[in-house]
Amino acid sequence: RIEMWDVVNEALDDGSQGLRPSGWSRLLGSEFIAWAFRWTHQFDPKAMLVYNDYRNELPGKREACFRLLRQLREQNVPVHAVGLQGHYEIDEVPYEDLERTFEGLRALGLKAVISELDLDMIPRSRWWAEGGRYRAELSRWNPYPEGLPPDLLERQAQQYGRLFRLFRRYADVIERV
């Protein structure tokens, strides 16, 4: 038995604009999300159903996500949790935004699922910039040819520790990490 399904993944635009263009949205319009949850619920009525996305803890996308969730709830669509893809960079973890997200999910009566979690030591924001323009250059770049310095590993451990203390404070909201 499957206990939890990621029913719809990464449907929202990075900002607050709404849905990303996709084959599903072109074929079925914005209703594809509601139908996907309804069909999955019919197939497996006991499973927890999750909407999963990246960067949905950041303010603009969080508001778009909450707007989508409220619309789905108003239509009695069976959404039970929101997956947060925690792809963070060292010294750039959005702790306060995560806290606001957990509080908002609690207010909506939804669970959070930390579906992915990593704390990169090499900044990856340029990997995605300008349509991947810098990927070839970055794929060859290694700022730590002798291995990670101990002080950097300690900072990473401290930041993971802070994340998990936050997760524990919201244990009533977080279904799993």
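**Helix packing, core and backbone in a predicted model**

Colleague: In which helix is Phe-43 found, and does its relative accessibility make this residue buried or exposed?

Modeller: Phe-43 is found in helix α2, and this is a predicted model, so the value that follows is computed from predicted coordinates. Exposed means over 50% relative accessible area, and because Phe-43 has 64% relative accessibility, Phe-43 counts as exposed.

Colleague: How far from the C-alpha atom of Phe-43 is that of Val-77?

Modeller: Along the chain, Phe-43 and Val-77 are 34 residues apart. In space, the separation of their C-alpha atoms is 14 Å.

Colleague: Which residues touch the most other members of the largest nonpolar core?

Modeller: This core has 38 residues, and the elements that each supply at least two of them are β1 (4-9), α2 (32-43), β2, α3, β3, α4 (95-108), β4 (111-120) and α7 (150-169). The members that touch the most others are Val-8, Ile-33, Phe-37, Tyr-51, Leu-69, Phe-102 and Leu-105.

Colleague: What does Phe-102 touch, not counting residues up to four places away in sequence?

Modeller: Phe-102 belongs to the largest nonpolar core and also takes part in the contact of α4 with α7. With those sequence neighbours left out, Phe-102 touches Leu-84, Ala-112, Ile-114, Leu-166, Phe-167, Tyr-170, Val-173 and Ile-174.

Colleague: Are α4 and α7 roughly parallel or roughly antiparallel?

Modeller: The axes of these two helices, α4 and α7, come within 11 Å and cross at roughly 15°. Because angles under 35 degrees count as roughly parallel, α4 and α7 are roughly parallel.

Colleague: How do the residues of the contact of α4 with α7 divide into nonpolar, polar and charged?

Modeller: From α4 come Tyr-95, Glu-96, Leu-98, Glu-99, Phe-102 and Arg-106, while α7 brings Gln-159, Arg-162, Leu-163, Leu-166, Phe-167 and Arg-169. Taken together, the residues of this contact are six nonpolar, one polar and five charged.

Colleague: Where is Arg-55 placed, and what is its phi?

Modeller: Arg-55 is in the loop between β2 (48-54) and α3 (59-74), and at 44% relative accessibility Arg-55 counts as partly exposed. Most residues other than glycine have a negative phi. Arg-55, although not a glycine, has a positive phi of about 55°.

Colleague: Which loop holds Asn-76, and what value is its phi near?

Modeller: The loop between α3 and β3 (81-89) holds Asn-76, which counts as exposed at 67% relative accessibility. For Asn-76, a residue other than glycine, phi is positive and near 60°.

Terms used:
Residues numbered from 1 in each chain as written. Predicted model: local features only at pLDDT ≥ 70, side-chain atom pairs only at ≥ 80, totals over all residues. Heavy atoms only, no water. Helix = DSSP H or I, 4+ residues; strand = E, 2+ residues; numbered from the N terminus. Buried < 20%, exposed > 50% of the residue type's maximum accessible area, 1.4 Å probe, protein only. Core = buried A, V, L, I, M, F, W, Y, C linked by side-chain atoms within 4.5 Å. Contact = heavy atoms within 4.5 Å. Axes fitted to C-alpha atoms, helices over the stretch in contact; angles between N-to-C directions. Parallel < 35°, antiparallel > 145°, perpendicular 65-115°, else oblique. Nonpolar A, V, L, I, M, F, W, Y, C, P; charged D, E, K, R; others polar.
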